[in-house]
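Biologist: Please put the model on screen. I would like to go through its elements one at a time.

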Amino acid sequence: MSSHVLLTHQTRYRYDRPVFLGPQTIRLRPSRSARTPVRAYALRVDPAECQQSWQQDEFGNQVAEVVFAERVTHFDITVRLEADLSPRNAFDFTLTPEARHWAPPVALDAVSPAGYAPLQRQQQAAQQQQAGAAMFAPRSGLYSPDEQAALSAYRATPAAGPYLHAFLADWVKKASCDTLDMLVALNRALAGHIGYQVRLEPGIWSPEETLARETGSCRDSAWLMIAVLRHLGFAARFVSGYLLQSTRTAEGEETLTCDLHAWAEAFLPGAGWVGFDTTSGLLTAQGHLPLAATPAPEQAAPVSGLLDQCNATFDVSMQTVRLVIPENV
């Protein structure tokens, strides 16, 4: 069976009256660095009476800027692309010798015993934070001075709340010193700890809320993974993209589905950006097609822009078709 797939992704906005739309930014073009080959791509916007231009944002993403001169009652976006989903080895990379072994952050305070109840661990973490001492001080050596400067936006680490503080304390005690082994285990551990749920409402839960609830959407889990990675000294970024995967119907037939998805990427010297899907606990592979990679989730929204106050409805659909590619004779 051919590994080439044609995806049609339609997004439709309907407004209850004619409205002025401010400039709209569309982040629905696969990254040039995507490891899944994209053979063809087309973006169509309706109403067609608009100005459309392609730009590169400050994070290297290809984005379309759309400007409407007149009021509109609808705004439709259609993406069509052909991707080659031939299997690839997610571990096909090599780390530099300096990056192969990871030095855990220096623990400046006694860590919480793994057996503490959540409330006890929260109380101990709060006492440590009130004492004015940082829980972790990452050791240098993973990144060169030039890399540290270039990756500064992806290393910004807010203070950890009690739940994140307790998770980090527990993880540092048992983490492998082999960089890749540690990261793979961390991704699996978070996937096992955080149950997946579909969340249609906008916004991202904080890492603290996701840990407290022990559930979250793909974007919540990805943001949690990023927070943990940064506290452990890694540069990490948020990625939004398409996830194409095979599933089976109730009748047992194989079918291909596509959804908008989110995952985390860590920068590993020698390998570059490596993707970790904290929803599945796996590394990203041929079915993960990145569209936008940014320091924070809100910067990776598929569509963003201003509009007049109105009542709006939103609809999205995705269709996938496997293409028959003739073999070369």
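Biologist: Which residues of helix 3 are buried?

Modeller: This is a predicted model, in which local features need pLDDT of at least 70, side-chain atom pairs count only at pLDDT 80 or more, and totals for chains, interfaces and linings use all residues. Residues are numbered from 1 along each chain as its sequence is written, and side-chain values use heavy atoms, with hydrogens and water left out. Buried means under 20% relative accessible area, exposed over 50%, and partly exposed in between (1.4 Å probe, protein chains only). In helix 3, a DSSP run (helices are H or I, at least four residues; strands are E, at least two; both numbered from the N terminus), the buried residues are Leu164, His165, Ala166, Phe167, Leu168, Ala169, Asp170, Trp171 and Val172.

Biologist: What span does helix 3 reach from its first C-alpha to its last?

Modeller: Helix 3 covers residues 162–174, which is 13 residues. The expected span is 1.5 Å times one less than the number of residues, giving 18 Å here. The model comes close to that, at 19 Å.

Biologist: Which strands stand at the edges of the open sheet with the order 4-5-2-16?

Modeller: The 4 strands of this sheet pair in the antiparallel sense, where pairing needs at least two DSSP bridges between two strands. Each edge strand has a single partner, so one side of it is left without a neighbour in the sheet. These are strand 4 (51–56) and strand 16 (303–307).

Biologist: Which residue of strand 5 stands opposite Gln56?

Modeller: Strand 5 spans residues 62–67 and pairs with strand 4 over 6 bridges. Opposite Gln56 stands Gln62.
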